[in-house]
Amino acid sequence: MTSSFEFNTYPARLSDVERDRALKVLRDGAAMGRLSHDTFIRRMELALAARRSEELAVLTADLPSENRFSRALFGTVEAVSGFTVRLRRAWQAERLPKLLLPHPGTAQALRIGRDPASGLRLTHDSVSRVHAELSRQGGMWILRDLGSTNGTTVNGRRVIGAAVVREGDQVAFGRMAFRLSVN
């Protein structure tokens, strides 16, 4: 009979925290231009496959790690940057022209585009001839992009196919932007 001390013991599995820390150092190194794209991809693969802390240390040894001051500084810059984006959107939303949603009893969809037959004709050169369609389905407003060249967005996100829209949403057809309203 053998005791448990006779078996080979392997190092403990890497924690997710250790792996995440190494992946962050690699991402930061690539963002700062210290790693080429190919080197970054290869090291990320190796970090994900690593079994020991020493393997991660080798992958990040030539990259500077952030100290507490730089982490705080970058965190502050990220927070301020996010705030300014939200502030710009809020400022722009109030200045956008209103696009009135059709009366809910309207059975026909509202076609939007440069075509003179469109229910909402927009003559801007970034708007396609037949750009989008707004309709009421199941008590919800649906905005459908009709294969436009410059795209349709809702609150800054591109519409692929169709999206549900509500009063107050910011919609854009090409570079023509509006705020949806019921009155």
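User: Where in the chain is the place of H131?
Analyst: This is a predicted model, where local features need pLDDT of at least 70, side-chain atom pairs count only at pLDDT 80 or more, and totals for chains, interfaces and linings use all residues. Residues are numbered from 1 along each chain as its sequence is written, and side-chain values use heavy atoms, leaving out hydrogens and water. Helices (DSSP runs of H or I, at least four residues) and strands (runs of E, at least two) are numbered from the N terminus. On that numbering, H131 falls in the loop between β3 and β4.

User: Is H131 buried or exposed?
Analyst: The cut-offs are under 20% relative accessible area for buried, over 50% for exposed and partly exposed in between (1.4 Å probe, protein chains only). H131 touches a long list of residues, among them I112, R144, L146, T152 and F173, not counting those up to four places away in sequence; contact here means heavy atoms within 4.5 Å. Since its relative accessibility is 0%, H131 counts as buried.

User: How far apart are the C-alpha atoms of H131 and N150?
Analyst: Along the chain, H131 and N150 are 19 residues apart. In space, their C-alpha atoms are separated by 8.8 Å.

User: And D125, is that buried or exposed?
Analyst: D125 is also in a loop, the one between β3 (120-121) and β4 (132-137). Beyond four places in sequence, D125 touches R114, N150 and R175. Its relative accessibility is 62%, so D125 is exposed.

User: Which residue is 51 residues from D125 in sequence and 9.5 Å away in space?
Analyst: That separation of 9.5 Å runs from C-alpha to C-alpha. The partner of D125 at that distance is M176.

User: Stepping back, in what order do the elements of the chain run?
Analyst: There are four helices and 10 strands in the chain. Of its 183 residues, 31% are buried. Reading from the N terminus, the order is α-α-α-α-β-β-β-β-β-β-β-β-β-β.

User: What percentage of the contacts between residues at least 6 apart in sequence join residues at least 24 apart?
Analyst: The pool is contacts in the chain between residues at least 6 apart in sequence. Within that pool, the share joining residues at least 24 apart is 41%.

User: Is α1 roughly parallel or roughly antiparallel to α2?
Analyst: Axes are lines fitted to C-alpha atoms (for helices, over the stretch in contact), and angles run from 0 to 180 degrees between N-to-C directions; under 35 degrees is roughly parallel, over 145 roughly antiparallel, 65 to 115 roughly perpendicular and the rest oblique. The axes of α1 (residues 16-31) and α2 (residues 37-49) come within 10 Å and cross at roughly 175°. That makes the pair roughly antiparallel.

User: How many charged residues are in the contact of α1 with α2?
Analyst: From α1, R19, L23, L26, R27 and A30 meet F40, R43, M44, A47, L48 and A49 of α2. Ala, Val, Leu, Ile, Met, Phe, Trp, Tyr, Cys and Pro count as nonpolar, Asp, Glu, Lys and Arg as charged, and the others, Gly among them, as polar. The contact has eight nonpolar residues and no polar ones, and the charged count is three.

User: Which residues of α3 meet α1?
Analyst: α1 and α3 pack at about 10° with axes 10 Å apart, which makes them roughly parallel. Five nonpolar, two polar and two charged residues make up their contact. On the α1 side are E18, R19, A22, V25 and L26, and on the α3 side S53, L56, L59 and T60.

User: What is the relative accessibility of T60?
Analyst: T60 lies in α3 (residues 53-60). Setting aside residues up to four places away, T60 touches A22, V25 and L26. T60 counts as buried because its relative accessibility is 16%.

User: What is the angle between the ring planes of F173 and F178?
Analyst: Rings of Phe, Tyr and Trp (its six-membered ring) pair if their centres lie within 6.5 Å, with planes under 30 degrees apart stacked, over 60 edge-to-face and the rest tilted. That rule gives one aromatic pair. It is F173 with F178, 6.2 Å centre to centre and tilted at 50°.

User: Which residue is 10 residues from D169 along the chain, with the C-alpha atoms 5.7 Å apart?
Analyst: D169 is in the loop between β8 (162-165) and β9 (170-173), and counts as buried at 12% relative accessibility. Contacts of D169 outside four places in sequence include V154, N155 and F178. The residue at 5.7 Å is R179.
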